[in-house]
Amino acid sequence: MPKPGPRTTYKYTQEFKATAVRLSKLPGVAVGDVAQSLYIHPFMLSRWRKQAREGVIVTKGVAVDKEVAAELKELRRVKKAYEQLKIEHDLLKKAIAFTSSPRPISSPSSTSKRTSR
C-alpha cells in the first residue's frame, strides 16, 4: 500500500540521463547493473534509452568516466563469477549429501543361496 501524502519525484538533468544511457551502451555492461549503481529503477533507464533512440536525449559528446566504465565491467565480471560459484557450491553440497548418506543394506533375497543336496 503506498504511503499517504505527496510522492517524492526526482528530477534528473539531461547530462545525467545522457551519461546513464552511454554507460548502459558499453559492451559487457548490463542495463540492470548501470541502474543499480546509479540508484535508479531499470525501467527508468530503459525509458531514457528509448528517448535517446528517438533523439529526445542527446548522448553524443557526453564523456563517460573511464573509471566508472571499468568499475561497471568489473561488477559484471564479479557477478558472473559469483553465480558460477553458487552453482558449484550447490553441486558440491549435493555430492556431499549423496556420498555421506548411509547405504541401504542389501536384502537377503538378492544374494544367491547355496543349497546342499
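Contact here means heavy atoms within 4.5 Å. The model discussed is a predicted one.

With that cut-off, helix H2 is a convenient place to start. H2 spans residues 31–38, and Asp33, Val34 and Ala35 in this helix are buried. The cover over the buried residues of H2 includes H1, H3 and helix H4, the last of these running over 66–100. Just after H2, Tyr39 takes a positive phi of about 60°.

Two of the covering helices, H1 and H3, also pack against each other. Two packed helices are described by the angle between their axes and the distance between the axes. For H1 and H3 the angle is about 95°, and the axes lie 9 Å apart. Because angles of 65 to 115 degrees count as roughly perpendicular, H1 and H3 are roughly perpendicular to each other. On the H1 side, the contact is made by Phe16, Lys17, Ala20, Val21 and Ser24. Leu45, Trp48, Arg49 and Ala52 contribute from H3. Sorted by class, the H1 contact with H3 has six nonpolar residues, one polar residue and two charged residues.

Phe16 and Trp48, both part of that contact, lead on to the aromatic residues. A pair of aromatic rings is described by the distance of the centres and the angle of the planes. The model has three aromatic pairs, counting rings whose centres lie within 6.5 Å. One of them joins Tyr12 and Phe16, with 5.1 Å centre to centre and 15° between the planes, which makes the pair stacked. Tyr12 is partly exposed, at a relative accessible area of 24%, and Phe16 is likewise partly exposed, at 27%.

Tyr12 also pairs with Trp48, and this arrangement is edge-to-face: the centres are 5.4 Å apart and the planes meet at 70°. The pair of Tyr12 and Trp48 links distant parts of the chain, 36 residues apart. Tyr12 sits in the segment before helix H1 (14–24), whereas Trp48 belongs to helix H3 (residues 42–54). Trp48 has 3% relative accessibility, so this residue falls under the 20% limit and counts as buried.

Taken together, Tyr12, Phe16 and Trp48 form one aromatic cluster. Within this cluster, Phe16 and Trp48 are also residues of the contact of H1 with H3, while Tyr12 lies in the segment before H1.

How values were computed: Residues are numbered from 1 along each chain as its sequence is written. This is a predicted model: local features need pLDDT of at least 70, side-chain atom pairs count only at pLDDT 80 or more; totals for chains, interfaces and linings use all residues. Side-chain values use heavy atoms; hydrogens and water are left out. Rings of Phe, Tyr and Trp (its six-membered ring) pair if their centres lie within 6.5 Å; planes under 30 degrees apart count as stacked, over 60 as edge-to-face and the rest as tilted. Buried means under 20% relative accessible area, exposed over 50%, partly exposed in between (1.4 Å probe, protein chains only). Helices (H or I, at least four residues) and strands (E, at least two) are DSSP runs, numbered from the N terminus. Axes are lines fitted to C-alpha atoms, for helices over the stretch in contact, and angles run from 0 to 180 degrees between N-to-C directions. Angles under 35 degrees count as roughly parallel, over 145 as roughly antiparallel, 65 to 115 as roughly perpendicular and the rest as oblique. Ala, Val, Leu, Ile, Met, Phe, Trp, Tyr, Cys and Pro count as nonpolar, Asp, Glu, Lys and Arg as charged, and the others, Gly among them, as polar.
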